[in-house]
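Please open the model in your viewer and keep the sequence panel visible beside it. The tour below moves from one selection to the next and says what is found at each stop.

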Amino acid sequence: MKFITEANQLTIILEGFEQLWALKRRIQVPHFAISEVDYLSQQPSLQDYRGYLRFPGTALPWRFLAGSYVHKGEREFWYVRMKQPGVLIVTLKSDTTNYDKIRLSCTPEIAQDIADWWQEHK
């Protein structure tokens, strides 16, 4: 997975099997659509994702969750590896994109780079 930060948008490019599992190649998020960038350093747990409906996407329990998920009217995009600690959560403003949140497994350094980019252009 690659992250490209430009002055006015964040582009997330899925590569190889990531595209197959998530049923998506890229996500482009305008800077103005982002309301919050957060990073959870602990390893994700399946219990954190109970009650979500996969629509469309792929899930291999205890491995990863990928694709679009819906819960209580909110639509989220996930590419979360269950064995890799650290999840970047990008919360989006209502009615600005197809998603309300984007959850991605990534390193703390990548998450910090994205948070810094968001703060700089705020």
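**First stop: an aromatic cluster**

Select Phe 17 and Trp 21, which both lie in helix 1 (residues 17-22), four residues apart, about one turn of the helix; helices here are DSSP runs of H or I with at least four residues, strands are runs of E with at least two, and both are numbered from the N terminus. This is a predicted model, in which local features need pLDDT of at least 70 and side-chain atom pairs count only at pLDDT 80 or more, while totals for chains, interfaces and linings use all residues. Residues are numbered from 1 along each chain as its sequence is written, and side-chain values use heavy atoms, with hydrogens and water left out.

Display the side chains, and compare their surroundings: Phe 17 counts as exposed at 59% relative accessibility, whereas Trp 21, at 28%, counts as partly exposed (buried means under 20% relative accessible area, exposed over 50%, partly exposed in between, with a 1.4 Å probe and protein chains only).

Now add Phe 64, which forms a tilted aromatic pair with Trp 21, at 5.6 Å centre to centre and 45 degrees between the planes (rings of Phe, Tyr and Trp, the last by its six-membered ring, pair if their centres lie within 6.5 Å; planes under 30 degrees apart count as stacked, over 60 as edge-to-face and the rest as tilted). Because Trp 21 lies in helix 1 and Phe 64 in strand 6 (residues 64-71), this pair ties together parts that are 43 residues apart in sequence. Phe 64 is buried, with a relative accessible area of 10%. Adding Tyr 79 to the selection completes one aromatic cluster of Phe 17, Trp 21, Phe 64 and Tyr 79.

In the structure as a whole there are five aromatic pairs. Returning to Phe 17 and Trp 21, their ring centres are 6.0 Å apart and their planes stand at 20 degrees, so this pair is stacked.

**Second stop: the sheet**

Switch to a cartoon view and select the open sheet of six strands, whose order is 4-8-9-7-6-5, with mixed pairing (two strands pair if DSSP finds at least two bridges between them). Its edge strands, each pairing on one side only, are strand 4 (34-40) and strand 5 (53-60).

Next, select strand 8 (residues 87-92) and strand 9 (residues 101-105), which run antiparallel and are joined by five bridges. One place to look is Thr 91, whose bridge partner in strand 9 is Lys 101.
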